[in-house]
Amino acid sequence: MVDLGGQYQGIKDQVNSSISNILESSTFINGPEVHAFQKELEEYLDIKHVIPCANGTDALQICMMGLDLKPGDEVITADFTFAATVEVIGLLQLTPVLVDVEPDTFNIDIKAIEKAITPKTRAIVPVHLFGQCANMDAIMDLAHKYDLYVIEDNAQGIGAKYTFNDGTKKMSGTIGHVASTSFFPSKNLGCYGDGGAIFTNDDDLAHTIRGIVNHGMYKRYHHDVVGVNSRLDSIQAAVLRAKLPNLDKYNTKRREAAQKYSKAFEGQEHITIPKTVNGCEGICDTCDCHVFHQYTLKITNGKRDALVQHLNDNGVPCGVYYPIPLHNQKAYLDERYNEADFPVTNELVKEVISLPMHTELDDEQIDYITSMIIDFINK
């Protein structure tokens, strides 16, 4: 699904040199590489505060801790996403409120959000799924209308841009009150282990979060808030520093691969290609709204599972993201949920399939993959 080895070859000298310097200096935690990466990512995103941490799940949890959400507070998020999004809500004894998603973008459904808001609702967590921003104009309008926090789950969307209704643009993760991201190796900006970060323009919130990630300390052995141990180590920061200047190039390569996939699948009755928003029809050369963390098709003739097996049998990796809705996961079963409220998610879990997507894909690989899929679907 990804070719991290191939990508490494392009940054090998810088990565190796930086890691060697860290080993020589022994500045493994909160060293110069971490602080330099933080500043460089702030400049890239045009945001005031980046707070690095140990992983993307921690980042999302710390966002909620920083906002001082209390047990029983309701947090609305998408039913169709990875479990980490709802996992941290449960860990903090908040109340997850899962809602359906849009059938074409797979992102959280705006009407479903507003329907789910109650006097106990405190926050909305839009997930920029597969690399494309949710409808942030509408989400921020709801947040203002009902006095709610917006926590962007940007684990899959770093580098994407959102175009507002007035034509202005902002980077994903810089629109809500606070955002989290993941630097898991397979992400568009990934390290060689675990890593994550929190973004915000709120000075006071940033100060609170900087304490939370470091055991609640602002001064050594003075614990002012309840915190956790969640720090990005210097070696991972060095890898990310090598990759960050290439991120736009990496994302462009992903978009080019997506465009080739989509062109190959044009006119296929039982294959639905991903939709991009912000006025883009299909996949366009200049589109910057989607960074294709995943390239996800819908197979609409009931052959999805058979196709997965066929690809696996022929050495083509693929993924089903996600096979079970969160509201049907054993850990998150709740009598509050009604199956009738999740028609899109319940259909998507039967239809979606994600294809290899990374910076090293070439035309021969794409031709092989698409031909195999088309031949099988049309048998």
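In this short talk I will go through the nonpolar core, one helix and the two largest pockets of a predicted model.

Let me begin with the core. The largest nonpolar core comprises 34 residues, and within it Phe80, Ile113 and Ile139 are the ones with the most contacts. Several elements feed into this core, since β2 (74-78), β3 (95-99), α5 (110-116), α6 (136-146) and α11 (343-351) each supply at least two of its residues, and α6 gives the most, with five. If you would like one residue to look at on the screen, take Ile139, which, once its neighbours within four places in sequence are left aside, is in contact with Ile108, Ile110, Ile113, Ile124, Pro126, Ala134 and Val150.

Next, please turn to helix α10, which runs over residues 304-313 and whose buried residues are Arg304, Leu307, Val308 and Leu311. Those four lie on the same side of α10, because the arc that they cover around the axis is only 105°. Asp305 and Asp313, by contrast, are exposed on the other side of the helix. As for what covers the buried residues of α10, the covering elements include β13 (295-299), α11, β14 (352-355) and α12 (363-377); α11 is also one of the elements that supply at least two residues of the core I described a moment ago. Just after α10 comes Gly315, which takes a positive phi of about 75°.

That brings me to the pockets. The largest one has a volume of about 550 Å³, and its lining is made up of 28 residues, with Phe82, Ala155, Gln156, Ser182 and Lys187 lying nearest its centre. Among the elements, α3 (56-66), α4 (84-91) and β8 (178-182) each supply at least two residues of that lining, and α3 gives the most, with three residues. By class, the lining of the largest pocket divides into 12 nonpolar, 13 polar and three charged residues.

The second largest pocket holds about 320 Å³ of space. It is lined by 16 residues, of which Val97, Leu98, Val99, Ala116 and Asp341 are the closest to its centre, and the elements that give two or more residues to its lining are β3 and α5. Both β3 and α5 also appeared earlier, in that each supplies at least two residues of the largest nonpolar core. For those of you thinking about the chemistry of this second lining, its residues by class are nine nonpolar, two polar and five charged.

How values were computed:
Residues numbered from 1 in each chain as written. Predicted model: local features only at pLDDT ≥ 70, side-chain atom pairs only at ≥ 80, totals over all residues. Heavy atoms only, no water. Core = buried A, V, L, I, M, F, W, Y, C linked by side-chain atoms within 4.5 Å. Buried < 20%, exposed > 50% of the residue type's maximum accessible area, 1.4 Å probe, protein only. Contact = heavy atoms within 4.5 Å. Arc of directions from axis to C-beta. 1 Å grid on protein atoms, 1.4 Å probe; cavity = no way out; pocket = protein on both sides within 12 Å on 5 of 7 lines; lining within 4 Å. Points joined across faces, edges and corners; volume = space filled by probe spheres on them. Nonpolar A, V, L, I, M, F, W, Y, C, P; charged D, E, K, R; others polar.
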